[in-house]
Structures are given as C-alpha cells and as structure tokens.
Amino acid sequence: MSTLRRIATKYTELTAAEIDWLELLATDWSLIADLALSDAVLWVPTSDGEFLAVAHSRPTGQLTTFHRDIIGDFLRDDWRATVQTAMVENRSVKASSITWYEEAPMQMQAWPVSMRAADKGQPHGPFAVVTLHTPTTAGKSESRMGAAYRACALDIMRMIKTGYFPPAGTQRGRQRGAPRAGDGLMRLDIDGTVSFASPNTLTSFARLGYRDEIEDEKLPEIVAALTAGVYDTNESLPLIAGGKIAARTDIEAKGFTITARSIPVYRDGERVGGIVLTRDITDIKQQAQELITKNATIREIHHRVKNNLQTVASLLRVQARRAESDEAKQVLGQAMRRVASIAVVHDALATGVDQIVKFDEVFDRVLGLAAEVASTNNTVVSMRKIGAFGQLPSEFATPLALALTEIVTNAVEHGLADREGQVTIAVERTESDMLITVSDDGVGLVAGQPGGGLGTQIIRTLIEGELGGTIKWSANEPCGVRVDLAIPLRWILGLEEEADTP
C-alpha cells in the first residue's frame, strides 16, 4: 500500500475513487514540481478539520524551499487561510505575503483538486489542495525556457482544478525511461505548431536527422518526415505528436530512439494545445535489447544443460538395467535420480525469463522420481504435500531439489520397501525461514540413528553446507522416520538482516 493511500485511508474521509485519483496525480508529482520550478505539496483534509501532506516533490535542478520531507505533517497555521480558501471557493489563491519555512522565504500558491469521469462529465470536487512553494529569488531574471516551464505548469494546474489532469489513461507507477521536463519539452498550439522547444529536444531531434528549426513548425509533419518508410510505427503517433491525446510512444530513425509523451491542454472544456515531453532513450533501448539477448542465451544454455543431463540419466538407467548385481543396479539407479533431479531445475529455468524457480512445480516432478523408486521396490506409496515452497533463486533450487530427492527416495526405498505406506511433505514458509518436514510411516530408523551412507552425506552437505540450514532425523509417531529441515530465507535470497519488517 502506498504512503498516500495509507495516510488518506487512516486520517481522511476521502472515497476510494478520490484516493485512486490522487494516486494517479502523484505519479506526475515530479513533473509538476519541475515545470513550476517550485516545491509541490499535496494536502488532503482530515476527519477533524486539519490538512495533512500526502505527497511532496522538489524541482530538479532548482533550489528547494523544504530541506526535509514534509509528508505526514499537518498544515501550518499561517498557511491555513490560503489553503482553505482555495478549497472552499474552488479557485487558485496566492498568499498575500511572503511565507517562511525554516528561514527560507517563499511565495505560496494553492490550487484545488477535482476529478472528472472518463466521459468528461461534470467535475467532482474539490477534495484536496496542491500548494506550490517558490523561492522569492525565482523569476527575477527568468529565461525564456523558465517562462515556458511556468506556462506549462499553469496549464497543468488549471487542468488539476477542473479535473482534466491527470489525463484519461494515466497508469500508476513510473515507466522506465519516461521523460521528465528537463529531458526535453515542447509547447504546442491547437494545430500542433511548436511555440517552444527546449535545447534538449532540439538535440534529440538532431540525432534523429532533423536539424532545421522546430519552433513555428507543425510537429506531426516533422515526425511524419522522420518516420517515413518505417512500417511498424505506432498508429496513434500523429495524434501524440499533435498533443491531441494523452499517450507515450517511441520515435525511431537512423538508429536512434526518442520517447515522446503528450499531454493535451484543456481550458474551459476545449483543447487549446498540448505539451510534449521527449527523452533520448537510445542507450536504454540498446540495454533492453542486450538483456533480451542475454536472457534468451541463458534460457538456451539451461535447455541444453537439461538435455545433456537427461541424456546422462538415460545412459545410467540403461546401464542399471544391464548390471548383473543388485548392488550395481541400486548405485546406478541412485546416480540416475540425482542427475534427473538437477535436470528438472534446469528445465524450469529454461522456460523462465529470470533465474527464479517456481519450486512447487519442480518438487512435483521430484515426487515422480520417488514414484519410480516405489514401483521398482514393490511399494505402494501415497504422496501428500502440505503448504507451498514458493519461488527460489536458481542457485539454491538445485541443492534443495537434490536434497529432497534423496530424503523422499530414502523414505520410499528403505522405510517403505515391500509394503504400503504414506510419505508426507509439509512446508511452512515465513519471511525469515523455510521449515520442511518429510515423514513416513515405514520401519523407522535403525538403532535410532540415520545411516552413514552416501545419501546421508549428500543431504548434510547440501542442507548444512550449501543452504546454511539445519537437519534433524527423529522417530515419527507412531512409526516411521521424520526429517526436519530449517533453511534461512534471508541468507538464501541475499536479503539483509534489517529486512524483518513486513
């Protein structure tokens, strides 16, 4: 649950729809602060008549008026009149005098927040307030770009007041590579003509091959010329370039890629222009492609390793069938199962994108190996699994699969040989540990102690050595063997010890 939602749910009477809207608005909080060249704070009214800060963003590359985060703070008394007036009268209100925060003088302006349904019906609100806190030194010698930024901020604040921002289709969470104001910005007229283009935008379009002036030209025509002959472009690209719809797309040309995000500007219910943010993401696209290639290569490696291991297991199975002594057959059969259990993990890795294994699927196949052992020992065994293993990283899934293969097959091969019985595997996973119990109702331990054979040594090496866990053999009640494993998950997943909070 986000901090905004947690605070709003606990201290306010806002509806679920209003909180959803504020969360969408907060995804663009850094954009608002950057364009306004001011600290931006979102205030919500509490149940007892106070106002509580639920979002705060500082402008990138500008002096901040807040040197500490104020999320969770209540509204100061000297700001109350400005904020209350904005909300009650549903209008923008500028503080009549300079306000101070920790010896930092600032101008404060408050804007009400309303929401509007997707069908552009009547706005609902106001139900929250945005305050912009601008250093008193700002604007005295403002550049043309600074003036353009503030004009865009004014457009957005007006739309926040009337419920047109955030635009329809906004998604929660920041998309990787999304442009910020400083990456590149264009301001468009209603017909898509560029009235302002920042230097970073000019540089980005120059890399695409457009070196002429952008201002006073129609952006859709520029983009169409750059993408001519490219058949896999976004069909909505002309609308995005014209600032007519709220969307994001990539523009590719000459081996370079820029991402463009458009924000239509509405005033009095009519679209009057647009804001287009741009960013050169060529390096990001290349890195993404390299990751795709890397992941495909890793999956192919796991697939080939799995095939090779299955071939080895098949050879061991054939050799075991041809062995003359029972001891040789048993040894070769055990080796075959160990190799097959490792192959199961690599098979699971070959189908995934990352190196995380859904271990329950792996373990179900491990139980199939145990069933094969039962069939060769005249044993009728029912397998029962309680709980779930969840996901595990590959470097620990392999030793755990091999260890459980040994434990379960030992229970079938030795505890339940030539008889009918049940093997129960119970799993309990917490944030810090995984507790696994394997129990059977077989003949039990000889002399109350586990054997000292190769299987027992393998289990101890894997559980205690590779997984850093503990293992305990004991008698099961009323009969059989019980094996308890405790494996620390923080150590397995590489988490720090401080990550104990839920």
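Is Asn 90 buried, partly exposed or exposed? Keep that in mind while you open the model, which is a predicted one, and select Asn 90 in the loop between helix H4 and strand E3 (93–94). With a relative accessibility of 28%, Asn 90 counts as partly exposed, because buried would require under 20% and exposed over 50%. While the residue is selected, look at its backbone as well, since Asn 90 has a positive phi of about 55° although it is not a glycine. Most residues other than glycine have a negative phi.

**The five-stranded sheet**

Next, select strands E7, E8, E9, E10 and E11, which form an open sheet in the order E8-E7-E11-E10-E9, with antiparallel pairing. At the edges you will find strand E8 (194–197) and strand E9 (247–253), each of which pairs on one side only. Neighbouring strands of this sheet are turned against each other by 25° on average, direction ignored.

Within the sheet, narrow the selection to strand E10 (residues 256–267) and strand E11 (residues 270–280), which pair in the antiparallel sense over 10 bridges. One position to pick out here is Arg 261, whose bridge partner in E11 is Leu 277.

Then move to the loop between E9 and E10, where Lys 254 lies. Lys 254 also has a positive phi of about 55° without being a glycine, and at 66% relative accessibility this lysine counts as exposed.

**Helices across the sheet**

Now add helix H5 (residues 144–162) to the view, and you will see that it lies across strand E7 (185–188), E8, E10 and E11, running at about 55° to E10. Follow this with helix H6 (residues 199–208), which lies across E7, E8, E9, E10 and E11 and runs at about 135° to E10.

**Met 186 and its surroundings**

From the helices, turn to Met 186, which lies in strand E7. Is Met 186 buried or exposed? Its relative accessibility is 0%, so Met 186 counts as buried. If you display the contacts of Met 186 and leave aside its neighbours within four places in sequence, you will find, among them, Val 194, Phe 196, Ala 197, Thr 201, Phe 205, Gly 274, Ile 275 and Val 276. For one backbone distance to check, the C-alpha atoms of Met 186 and Ala 197 are separated by 4.4 Å, although the two residues are 11 apart along the chain.

**Salt bridges**

The next stops concern charged residues; side chains of opposite charge can pair when their charged atoms come close. The count for this model comes to 17 salt bridges, and a few of them can be visited in turn.

Return to Arg 261 and select Asp 28 along with it: their side chains meet in a salt bridge, with an N to O distance of 2.7 Å. This pair links distant parts of the chain, since Asp 28 sits in the loop between helix H2 (16–26) and helix H3 (29–36) while Arg 261 belongs to strand E10, 233 residues apart. Asp 28 counts as buried because its relative accessibility is 6%, and Arg 261, at 17%, counts as buried too.

Go on to Glu 50 and Arg 80, which form a salt bridge whose closest N and O atoms are 3.0 Å apart. Glu 50 lies in the loop between strand E1 (39–45) and strand E2 (51–57), and Arg 80 in helix H4 (residues 77–89), so the pair ties together parts that are 30 residues apart in sequence. At 26% relative accessibility Glu 50 counts as partly exposed, whereas Arg 80, at 18%, counts as buried.

Select Arg 76 and Asp 78 after that, a salt bridge in which the closest N and O atoms are 2.7 Å apart. Here Arg 76 counts as partly exposed at 27% relative accessibility, and Asp 78 counts as partly exposed at 45%. To finish this part of the tour, display Arg 5, Asp 20 and Glu 23 together, as they are linked in a network of salt bridges.

**Two cis peptide bonds**

Most peptide bonds are trans. With that background, select Gly 125 and Pro 126, which are joined by a cis peptide bond with omega at about 5°; Pro 126 has its place in strand E6 (residues 124–135). The last stop is Glu 477 and Pro 478, also joined by a cis peptide bond, with omega at about 5°, and Pro 478 is found in the loop between strand E17 (470–475) and strand E18 (481–488).

Notes:
Residues numbered from 1 in each chain as written. Predicted model: local features only at pLDDT ≥ 70, side-chain atom pairs only at ≥ 80, totals over all residues. Heavy atoms only, no water. Pairing = 2+ DSSP bridges. Helix = DSSP H or I, 4+ residues; strand = E, 2+ residues; numbered from the N terminus. Axes fitted to C-alpha atoms, helices over the stretch in contact; angles between N-to-C directions. Contact = heavy atoms within 4.5 Å. Salt bridge = Lys/Arg side-chain N within 4 Å of Asp/Glu carboxyl O. Buried < 20%, exposed > 50% of the residue type's maximum accessible area, 1.4 Å probe, protein only.
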